[in-house]
Structures are given as structure tokens and as C-alpha cells.
Amino acid sequence: MSQQLTDRRCPYCFAALPAKHELVACPVKSKGDGSECAMATPQSIAGEKGICEEHGVALVPHCWYESCRQALPPGWHEVTTTCLAMAGTRNSGKTVYVWMVANLLLTWGRLNGLTVSHYSTESRISFEQRFTRLDPSASLYGSTAPESPGGFRRQVQQEPIMLRIQEAGRSRDHVLVLRDVAGENVQDAAMDREHFRFLVQADGLILLVDPGDARAVRNALDGHVDLHSAGFNPAAVWGNVESLAGSVLGSGARRPPMAVTISKFDLVLAASQVPETPLSEALAGHGLRIHHDPSLDHRAYDLDDADLLDCELRTLCARYLDQPQLVERAQAFGDGRARFFAISSLGTPPVAQRVARHGTPSYRCLDPIKWFLMLAGLVPAA
Ligand SMILES: Nc1nc2c(ncn2[C@@H]2O[C@H](COP(=O)(O)OP(=O)(O)OP(=O)(O)O)[C@@H](O)[C@H]2O)c(=O)[nH]1
Ligand SMILES: [Mg+2]
Ligand SMILES: [Zn+2]
Ligand SMILES: [Zn+2]
């Protein structure tokens, strides 16, 4: 597949940014008497000094896209980016996954000769304030509140996670941007076209699929672990994103590649331990890629492993997890544009909304991220 079309996007609306910033504005804006300085609105200042005379501060680059116009993070013109967004029904595990991925990437970098760090001190502090540590003494995060366009206050999930990836010999740092959403928003077919356009301008989407909704899992585990059903089909979420893409990008335009990702895979594995059930037969072979997890150990994206796993998971989804529509959608989406993944952030089902005492060696969480980083040319394919 070809490389991504742009090397740098706005981390808020995911619009591709021109090589040279054209719009700048004053970072202070307010003059104290209720009015604003002349440079409060982003504008082009070709040939001028780049200073707000009224505040005596340097002007900062802003996103050119009209309904965004956010100040770009300091130093953004020096980096390349991969911008990803989450999708999936309510309760499918998006927020827990975002936290886990950020932490695992820091470890993965250390093991594989890359330096991975929060983009800046501010982005690290914002991450730490937002995500308290997941451990058995603290309850898991509450459901993410839906966001609305022009909301009174920016909601916390509108702040993207930004991780800087540095590699010896690479002239520019690469930044992985990861944006959470509320399941409630993507379950809404009428979600605002302008506000949610980042979903279809992304370099990739991660669609989480909750296996706790599947009959084979419910029948095997009901009464033993908490299963929350969203009561909403993940294929319908994909349909909503597709119609958003139709309005924003037009019908023929390329869609962002889609990582169709079965979350909470610990539930599927636990259900397969119940003897003489459909899942125990489906997952009986020890040679299945499903029973292995090479994602942290290697820097490269292992294409053979990924292809075999993709095959196993398509069968699992269609035959055992009640998701034949997802597989059909993926087939219709185009060759190589959609891949199936399986992850477990907690490694084991939570107990009373807390991480279980013996959690969490997570399972395969970095696979979807490594796929997108491979598409961006940042990690090699093996
Ligand atoms: N068994 C298991 N349960 C998980 C895992 N990750 C999350 N959960 C459960 O799923 C619940 C919801 O997780 P969240 O990450 O908040 O879900 P979400 O997709 O962000 O939900 P919304 O914000 O409502 O859209 C958690 O409170 C846990 O009970 C996992 O890896 N395994
Ligand atoms: Mg959430
Ligand atoms: Zn923007
Ligand atoms: Zn000013």
C-alpha cells in the first residue's frame, strides 16, 4: 500500500498541513479590558515580524482549517505525524485501550532502540491528570461523555495523546497522535459533519468490537464475569463513519485504513476454556496465531503473523462472534485497507469495575498501532 499522503496533520482536526505555516495569531489575545488585540484572529503575515506589538509576544502558528483554527503545539513544523482515532460502541474499551497503548509504547520504544516520550511536558501532564493509574485499588474510567460542536468547554477526550518517537539517524521526530471519542457519538448516525471530520481525515481508525455481546461468549461466561452490552452493532458504527466519510470526503475518495479490533480478548480466551463449547473447539489449535503475542518483542511489523491472525479473526468474527456483517464490510472496503486485530488491555476481566489483582499482562495491544506506523514508513515490515 502507498505511504500516507501527507507527512503532517493538525493534531485536533487532522487536516493535512501545508509545508509552510501560513496562519499565525497571538497566544495571549485578551487585553484585560474585555477586548482582543489585533492579532487575536489567525491571519497571514507574509514579510512581517511575527510579533504581537500589543502583547510583545511571538505569534504562533495555527491550523488553517476554518472550523478548527487551533494553535498548533510548539515545534509542530519540525515533526512528521501519524494521526489515529478510536471508534467503537459504548463500553467497548476505547479509553482503557488509549491509556494502555500510551504506556506500552513507552516500553516498546525502550526494548527496541527507539526513544518514545510524551510530546512535551504539557502533553505529559495533561495525560497524567486525565488518566490515573489503572490498578486494583482504583476504579476504571467512567463512560466518556459525548462531545458536541461549539461546546461550552472543550472536553477532555478532545485533547489528543501525543507521543514523540525519535530514532537515531532520522532528521525529524515522528509524533503519534491518538484521539479518543465517546461511543455515544459514533453510535449516532447524525453526528456533526464538521466536528467529527477528524475521524475520516485520520491516517487510520481503530474500531473496537466488544466480544461480550456475542452469544458464544455470553453462554460460556454469564454469571462468572461482568459483561456489559452496548446493545449496538459495531458494523453500524462503521456504517456511520462511512456515511460521515461520504459527506466529508465525497463518495469516491480513499477512506482511512481500518483496524477492526476485537477488544477484551481475554473474554474470548476465557470462554474458550469452557469445555465442549463452540469457542473451545474453534480455538483448540495451539498453533493458532491467536495464542501467541509477539507485539512487544519486535520492532518490525510481522506481516506473516498479521496475515494469519487476520484470517483466523475473520473466521472467528463471522462464525462465532455474531459479526458476519463486519467481515463483509471489511471485504467490501478494499484489499489491504482493513485488517482484523485482537487485543486485551487488562489481560483478564475486571472485578467490580477494578483491574483484577493478577491483571494486566496486556495482549497484542500494539498490533494495530504498529500496522499504522508501518504504513507511515516508521517501522519496517518483516
Ligand atoms: N475483560 C475486559 N474488560 C475490559 C477491558 N478493557 C475494558 N474493559 C471493560 O470495559 C469497560 C469500558 O471500558 P472503557 O474503556 O471505558 O470503554 P469505552 O469504549 O471508552 O466506553 P465509552 O466511553 O462509553 O464509549 C471497563 O470499565 C471494563 O469493565 C479488557 O481488556 N478486558
Ligand atoms: Mg471512553
Ligand atoms: Zn485543525
Ligand atoms: Zn496579542
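**Exercise 1. The whole chain**

How many helices and how many strands does the secondary structure of the protein chain come to? Work out, too, how the chain compares with a globular protein.

*Solution.* Before counting, note that this is a predicted model, where local features need pLDDT of at least 70, side-chain atom pairs count only at pLDDT 80 or more, and totals for chains, interfaces and linings use all residues. Residues are numbered from 1 along each chain as its sequence is written, while chains are lettered from A and ligands numbered from 1 in the order in which they are written.

Step 1: count. You should get 11 helices and 11 strands. Here helices (H or I, at least four residues) and strands (E, at least two) are DSSP runs, numbered from the N terminus.

Step 2: compare. The chain's radius of gyration is 22 Å, close to the 21 Å from the globule rule for 382 residues, so the chain is as compact as a globular protein of that length. The radius is taken over C-alpha atoms, and the rule is 2.2 Å times the number of residues to the power 0.38.

Step 3: check burial. Of the 382 residues, 43% are buried. Buried means that 20 or more other C-beta atoms lie within 10 Å of the residue's own; exposed means 12 or fewer, partly exposed is in between, and C-beta atoms are placed from the backbone.

**Exercise 2. Around ligand 1**

Find which residues come nearest to ligand 1, and which elements give two or more residues to its shell.

*Solution.* Step 1: there are 23 residues around ligand 1, and Lys94, Thr95, Ser143, Thr144 and Gly183 come nearest. To be near, a residue needs its C-beta atom, placed from the backbone, within 6 Å of the molecule.

Step 2: the elements giving two or more residues are α1 (94-111) and α7 (265-272). Helix α1 gives the most, with 3 residues.

Step 3: sort the shell by type, and you get 8 nonpolar, 11 polar and 4 charged residues. Ala, Val, Leu, Ile, Met, Phe, Trp, Tyr, Cys and Pro count as nonpolar, Asp, Glu, Lys and Arg as charged, and the others, Gly among them, as polar.

**Exercise 3. Helix α1**

Compare the length of α1 with its expected span, then look at what follows the helix.

*Solution.* Step 1: α1 has 18 residues and reaches 25 Å from its first C-alpha to its last, close to the expected 26 Å. The expected span is 1.5 Å times one less than the number of residues.

Step 2: pick out the buried residues of α1, which include Lys94, Thr95, Leu105 and Trp108.

Step 3: move past the end. Glycine 113 follows α1 and has a positive phi, near 75 degrees.

**Exercise 4. Helix α7 and alanine 271**

Is alanine 271 buried or exposed? Describe its surroundings as well.

*Solution.* Step 1: place alanine 271 in helix α7. This helix is mostly covered, with 6 of its 8 residues buried.

Step 2: count neighbours. Alanine 271 has 26 C-beta neighbours inside 10 Å, so it counts as buried.

Step 3: list contacts. Beyond the neighbours within four places in sequence, alanine 271 touches Ala216, Val217, Ala220, Leu221, Thr277 and Leu279. A contact means C-beta atoms, placed from the backbone, within 7 Å.

Step 4: zoom out. The buried residues of α7 pack against α5 (215-221), β10, α8 (278-282) and β11.

**Exercise 5. Two strands**

Explain why β11 is largely enclosed, and find the strands that pair with β5.

*Solution.* Step 1: 5 of the 5 residues of β11 (residues 338-342) are buried, so the rest of the structure largely encloses this strand.

Step 2: look at directions. Ala338, Phe340 and Ala342 point one way from β11, and Arg339 and Phe341 the other way. That fits a general pattern: side chains alternate between the two faces of the sheet in a regular strand.

Step 3: β11 pairs with β10 (residues 258-262) in the parallel sense over 5 bridges. Strands pair if DSSP finds at least two bridges between them. Threonine 261 has phenylalanine 341 in β11 as its bridge partner.

Step 4: turn to β5 (residues 80-88), where 8 of the 9 residues are buried. β5 pairs in the parallel sense with β8 (residues 174-179) over 6 bridges, and 5 bridges join β5 to β9 (residues 204-209), also parallel.

Notes: Contact = placed C-beta atoms within 7 Å.
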